[in-house]
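Let's take a walk through this protein together. Keep the viewer open and follow along as we go from sheets to ligand.

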Amino acid sequence: MDDADRRAAAAEAVMTNAERVTLLNGILAMPLGDVKIPKGVPFGAGYIPGIPRLDVPALTETDASLGVSYLGGLRGDGATALPSGMAMGSTWSPDLMRKGGALIGGEAHAKGFNVLLAGGINLVRDPRGGRAFEYLGEDPLHSGLLGGAAVAGIQSQGVISTIKHFLLNPTEIGRQFHNGIIDEGALRMSDLLAFEIAIETGQPGSVMCAYNKVNGVQACGNDRMLNGILKGDWRYKGWVMSDWGSVRATDFALEGLDQQSGSQLDAAVFFGQPLLDAANRDKRYQRRIADMSRRVLRSIYAVGVDRNPPRKAPIDVAAGAAVAQEIAEKGMVLLQNRDNILPLAASAKRILVVGGYADAGVLSGAGSSQVQGQGGPAVSLPTMKDGPFTALMAQNYHRSSPLDAIRARAPQADVVFRDGRYPTEAAIAAKNADLVIVFGTQWMTEGLDVPDLSLPQGQDAMIAAVAKANPKTVVVLETGGPVAMPWQDDVGAILAAWYPGARGGEAIAGVLFGDVNPSGRLPVTFPASIAQLARPALPGAETVEPSFAGHGKPGQTLDIDYNVEGADVGYRWFARQQAKPLYPFGFGLSYTRFERSGLAVTGGASPAAAFTLRNSGARDGADVGQVYLVETPRGKTRRLVAFARVDLKPGETRRIDVPIDPRLLADWGRKGWTIAPGTYRFALGASAEDLIEETGVTLAGRTWNYRK
Ligand code: BGC
């Protein structure tokens with residue numbers, strides 16, 4: 001028992017049942033429905049009253065992982081828009097995640113919030129998933145360590161962070177009722193492992209359960225996932241809050257849910273009076289409301305929300321922008337660079353910039369995570385209409401124009417812009433230019449998957465026309481995640497800039513002109529075609545009407561079989577199928593060269609890997625050393641078991657040691673985690689496909705479990 005446990009137990013013991021259930025029921029703190037939002041409560045995602053008699057603070061909740069969200073402009077202020085989760089994941093840097101987390105935690109605090117609905121770490125099982133842009137990647141170690149670091153950063157500001165969405169919410173179609181089907185062993189080694197590592201690393205005060213079903217049972221009422229694994233096996237001490245509109249019944253309390261969020265969005269208030277009534281007649285509920293409220297209190301005390309109440313203050317816009325720019329710069333992935341067309345020569349006289357609203361700003365992803373800076377979006381295009389949520393689903397551009405940043409960086413050049421609507425017009429302009437920078441965009445939003453991986457509205461044809469007219473074409477992609485590139489062979493360079501946030505334009509120009517040496521590595525596999533995916537046809541695409549908030553018809557369900565790939569998500573699926581992707585997980589180019597060598601792995605109780613990285617080029621740069629398990633006594637496999645992002649000066653050599661989590665060497669079976677005795681082979685990788693050096697180690701077998 002630690003101090004937070006003791007304080008929570010003491011406070012809970014003197015509470016009345018009415019006080020206990022007060023902490024267990026939240027409203028959506030927006031003018032929606034006939035719910036009154038108390039004076040002084042900031043507009044945001046949620047509000048839970050406190051208990052003044054016991055100095056228990058009210059909880060004021062806001063989204064999300066990318067910054068304090070915009071709410072369609074409802075609150076009337078801006079915040080720092082960090083780059084997308086995919087961009088953050090591409091940094092492979094827990095340190096930077098922590099820094100970004102501390103920044104947005106501080107801003108939430110200064111806007112009156114003490115809970116940030118952050119920590120989105122669902123594994124990207126499908127690149128078409130509408131929220132892929134919010135998530136960090138497809139690997140459990142990578143997502144777990146980076147997501148955990150972000151949570152720790154947020155909570156360092158005295159603001160509770162969630163980790164979400166527990167569990168299996170990789171696509172959006174039918175999101176309130178789709179049913180993810182998967183063997184528990186596979187789940188333990190993939191999505192669950194990501195959460196397990198993130199929770200250990202970041203100690204989030206709360207876990208947000210998902211909308212969907214897991215193996216036939218609603219995630220927020222899933223006894224196996226919540227009571228069995230999260231609170232049982234992992235001994236999680238914080239509270240489980242529902243996603244907004246995901247509670248179906250009061251008895252979800254018995255299945256492990258601790259708090260109903262945004263209750264106007266549910267069919268009824270299940271956790272208010274009904275929970276109180278249930279506790280008065282049924283001992284199981286009485287025990288539960290004691291435990292549920294103790295969990296909420298425990299996180300309040302552990303994170304220090306009571307000692308450090310949020311205080312409204314102006315945010316430091318410049319400091320926030322600097323962090324956003326650093327993440328954008330370190331997260332951009334250089335995918336192709338023929339004849340070293342990049343970095344751009346300062347001598348270019350005529351530069352053509354095409355498309356992507358590059359004259360106005362940079363694209364962002366939509367939904368509850370949408371953030372905007374002061375002054376709102378530079379461009380806002382209405383898209384899907386979904387009742388009161390329409391405002392959350394516009395295609396918004398942050399006020400950071402790549403065109404302006406390119407002009408500022410190339411004052412000697414004549415920089416011309418074409419919007420790219422007419423390929424013919426763009427191609428004529430391309431012929432007359434020394435060099436073309438063409439922007440390709442793919443908008444993604446919560447609530448809606450993309451149907452395929454093309455760049456919509458004819459952009460692929462436009463890029464092809466431009467590249468044909470001028471092969472000195474650089475493509476800058478602002479996408480949620482992987483896209484197809486039918487024009488790949490015809491262009492000079494390709495830069496994945498993702499959704500690059502508040503200073504995205506400056507970050508893009510910095511990389512193009514070489515002020516910044518690109519160092520991002522892909523946290524997801526780019527497939528060569530949709531046919532390579534585990535589910536080439538997107539489940540539900542033909543049968544379910546997409547909706548941000550729709551609950552579906554009573555009893556409606558949409559089964560999604562994740563046993564196809566099981567634990568082999570992303571690059572592991574590609575390795576298993578021996579399929580060659582367009583770009584592999586872990587891939588990324590640099591303006592300098594790296595040599596990777598000297599892989600050594602030690603076994604024993606604390607396995608570890610060591611390797612040597614050397615910058616053999618002429619510029620400062622950062623490499624990401626990646627170690628993959630490639631064979632176990634059970635056969636061939638591919639698992640990232642260790643990584644480290646390392647800054648290196650020209651000529652500098654460093655030897656790096658990284659521990660290997662034994663769970664990554666094990667399989668989950670009936671008895672728990674098992675490392676089979678025998679030889680394990682590892683490889684050092686420039687990516688999951690480019691494996692440079694192998695070494696083997698013999699491990700003694702062992703089996704372990706969570707039981708004491
Ligand atoms: C999303 C959550 C978000 C919540 C509150 C839901 O639609 O799935 O990620 O935190 O809304 O805004």
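## A hairpin to start with

Helices (H or I, at least four residues) and strands (E, at least two) are DSSP runs, numbered from the N terminus. Two strands pair if DSSP finds at least two bridges between them. With that in hand, look at β27 and β28, which form a hairpin with five residues between them. Strand β27 covers residues 678-685 and strand β28 covers residues 691-699; they run antiparallel and are joined by eight bridges. One spot to click on is A683, whose bridge partner in β28 is E694.

A quick word on the model: it is predicted, so local features need pLDDT of at least 70 and side-chain atom pairs count only at pLDDT 80 or more, while totals for chains, interfaces and linings use all residues. Residues are numbered from 1 along each chain as its sequence is written, and side-chain values use heavy atoms, with hydrogens and water left out.

## The whole chain

Zooming out, the protein chain has 17 helices and 29 strands. Its radius of gyration (taken over C-alpha atoms) is 25 Å, close to the 27 Å that the globule rule gives for 708 residues, so the chain is as compact as a globular protein of that length. That rule is 2.2 Å times the number of residues to the power 0.38. Along its principal axes, the C-alpha trace spans about 80 × 60 × 50 Å.

## Two open sheets

Strands of a sheet pair through backbone hydrogen bonds, either parallel or antiparallel. Here's an open sheet of six strands with mixed pairing, in the order β10-β18-β17-β16-β11-β15. Its edge strands are β10 (333-337) and β15 (414-418), each pairing on one side only. From one strand to the next, the twist averages 15° (axes are lines fitted to C-alpha atoms, and angles run from 0 to 180 degrees between N-to-C directions). At one edge, β10 pairs with β18 (residues 493-496) in the antiparallel sense over four bridges, and V333 stands opposite A496 in β18.

Another open sheet has three strands, β20-β21-β24, with antiparallel pairing. Here β20 (594-602) and β24 (653-659) are the edge strands. Neighbouring strands of this sheet are turned by 20° against each other on average, direction ignored. Strand β21 (residues 608-615) pairs with β24 over seven bridges, and A609 stands opposite V658.

## Around the ligand

Which residues come nearest to the ligand? Of the 13 around it (near means a heavy atom within 4 Å), they are D63, R131, H165, D243 and E446. Three of these have polar contacts, meaning a pair of N or O atoms within 3.5 Å. An oxygen atom of the ligand is 2.4 Å from a side-chain N or O atom of D63, and the same kind of distance is 2.8 Å for R131 and 2.7 Å for H165. Taken alone, the ligand exposes 310 Å² (Shrake-Rupley method, 1.4 Å probe), and the protein buries 95% of that.

## Unusual backbone spots

Two of the ligand's neighbours also sit at cis peptide bonds. The bond from D63 to A64 is cis, with omega near -5°, and A64 lies in the loop between β2 (59-62) and α3 (85-91). The bond from K164 to H165 is cis too, with omega near -5°; H165 lies in strand β4 (residues 160-166).

Conventions: Polar contact = N/O pair within 3.5 Å; in protein donor to acceptor, adjacent residues only side chain to side chain.
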